[in-house]
Amino acid sequence: MKRRGFILGKFMPPHAGHVALCRAAAAMVEELTILVCSMPHDDMPGEQRTQWMREIFPDCRIVSFCGDVPQHPSESDEFWPIWTGITHDAHPEPINFVFAGEDYGMELARRVGGTFIPLGARILGADGRGLGGLSGTIIRDNPAKYWKYLPAPVRRDQVKTIVLHGSESVGKSTLAKQLAEHWDTPWVPEYGRSHCEMHGNDLTPADLETIAAAHQAMIEAAREWSGPVLISDTDWLMTRAWSMMLLGRELSGPAYELADLYLYLPPNLPWVDDGTRMFAQETQRVRFDALCRDELAAHHAKVAVIDAPPGDRLEQALAAIAAL
């Protein structure tokens with residue numbers, strides 16, 4: 001007869017303490033059911049947390065419950081009958097073990113007929129600087145501080161993408177590198193530059209569509225290795241501006257996901273010829289800058305203007321990211 005185990009939690013978000021608890025539980029049973037609980041107006045949707053848990057624990061049975069129900073026995077005399085019913089619905093088979101890192105597991109196990117297995121450091125108040133000190137609340141308050149304790153699927157979906165946006169020779173690459181060094185995270189260089197260095201500056205509509213697609217693909221590929229902030233030197237919105245500037249026509253390729261924040265740099269630095277830049281005349285720079293700003297406005301992007309002198313730009317950009 002199978003030994004069956006049961007765990008419930010909010011997993012908002014899943015973190016290393018949850019992973020340790022669930023992996024230890026899975027090692028003790030032949031079948032582990034994990035119930036992801038949510039309320040309709042949670043900050044993190046229950047569907048997303050359920051998907052994360054399915055990615056993290058593909059060999060476990062992951063089920064979900066969403067409802068406006070009491071969260072503590074003090075809230076209702078019906079707390080335990082309600083949660084006993086929710087548990088039976090999620091796990092209709094006999095439960096051998098109820099696993100939890102908190103003492104509510106004792107009463108739940110008594111009501112569903114299983115043995116309580118109190119796993120983890122948290123229930124003993126131990127390892128407060130490590131797994132025992134983790135909670136969804138402190139992680140939501142400061143995800144960057146606890147980034148290393150988040151499983152890969154959670155990190156991937158919680159990364160904030162910051163894009164440097166603006167016309168030629170405004171310092172985007174320099175600031176991107178500075179921001180990446182500050183955050184100790186990878187940064188995505190401008191694909192259009194490497195494309196032009198390999199194929200020349202005589203760009204066709206097909207070239208521009210390729211540039212937009214390739215750059216977006218590079219952003220998505222970097223997410224897995226990113227810290228809480230992923231820096232990108234331009235994205236598809238800049239390619240749209242290039243299309244208007246070069247060809248006088250809108251980019252016909254697909255729309256991609258917007259970044260979480262665009263750091264717009266106006267053309268207030270001297271134009272420098274690096275071999276791939278094209279528009280040195282002041283009238284050209286003004287027009288290109290207007291096209292860049294038009295794309296941000298047309299797509300209702302979240303924008304912070306970085307217009308400080310070069311020595312102060314990093315501080316101004318970091319303040320904008322902190323506000324995000």
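1. Let's start with a glycine. G130 is found in the loop that runs between strand 5 (115–118) and helix 5 (136–141). Buried or exposed, then, for G130? Its relative accessibility is 10%, so G130 counts as buried; the cut-off for that label is under 20%. Now look for E93 as well: G130 and E93 are 37 residues apart in sequence, and their C-alpha atoms lie 35 Å apart in space. Keep in mind that this is a predicted model.

2. Next, zoom out to the whole chain. You can count twelve helices and ten strands in the protein chain. The C-alpha atoms fill a box of roughly 80 × 40 × 35 Å along the principal axes. What radius of gyration does the protein chain have? The value is 25 Å, whereas a compact globule of 324 residues would come out near 20 Å. Of the 324 residues, 48% count as buried. As for contacts between residues at least 6 apart in sequence, 71% of them join residues at least 24 apart.

3. Strand 1 (residues 4–9) is a good place to practise reading burial. This strand is mostly covered, with six of its six residues buried. In a regular strand, side chains alternate between the two faces of the sheet. Here both faces are covered: R4, F6 and L8 are buried on one side, and G5, I7 and G9 are buried on the other. Strand 1 also has a parallel pairing with strand 2 (residues 31–38), over six bridges. If you want one bridge to find on screen, try R4, whose partner in strand 2 is E31.

4. Now for a sheet of five strands. It is open, its order is 7-8-6-9-10, and the pairing is parallel. Which strands stand at the edges? They are strand 7 (187–188) and strand 10 (303–305); each has a single partner strand, so one side of each is left without a neighbour in the sheet. Further in, strand 6 (residues 160–165) pairs with strand 9 in the parallel sense over four bridges. Within strand 9, L263 stands opposite L164.

5. Two helices are worth checking against that sheet. Helix 7 (residues 172–183) packs on the sheet and touches strand 6, strand 7, strand 8 and strand 9, with its direction at about 165° to that of strand 8. Helix 11 packs on the sheet too, touching strand 6, strand 9 and strand 10, and its direction makes about 165° with that of strand 9.

6. On to the nonpolar cores. The largest one has 22 residues, and L208, Y262, F288 and L296 have the most contacts inside it. Elements giving two or more residues to this core are helix 8 (191–199), helix 9, helix 10 (236–247), strand 9 (261–264) and helix 11 (282–298). Which helix gives the most? That is helix 10, with six residues. Leaving aside residues up to four places away in sequence, L296 touches H165, L237, Y262, Y264, A301 and V303. There is also a second, separate core of 19 residues, which includes I7, V19, F57 and F99.

7. Last, an arginine to look up. R223 sits in the loop between helix 9 (205–222) and strand 8 (229–233). At 11% relative accessibility, R223 counts as buried. What does the side chain of R223 make a polar contact with? Its partner is the side chain of T161, at 3.1 Å. Not counting residues up to four places away in sequence, R223 touches R156, V159, T161 and L230.

Methods. Residues numbered from 1 in each chain as written. Predicted model: local features only at pLDDT ≥ 70, side-chain atom pairs only at ≥ 80, totals over all residues. Heavy atoms only, no water. Buried < 20%, exposed > 50% of the residue type's maximum accessible area, 1.4 Å probe, protein only. Polar contact = N/O pair within 3.5 Å; in protein donor to acceptor, adjacent residues only side chain to side chain. Contact = heavy atoms within 4.5 Å. Core = buried A, V, L, I, M, F, W, Y, C linked by side-chain atoms within 4.5 Å. Pairing = 2+ DSSP bridges. Axes fitted to C-alpha atoms, helices over the stretch in contact; angles between N-to-C directions. Rg over C-alpha atoms; globule rule 2.2 N^0.38 Å.
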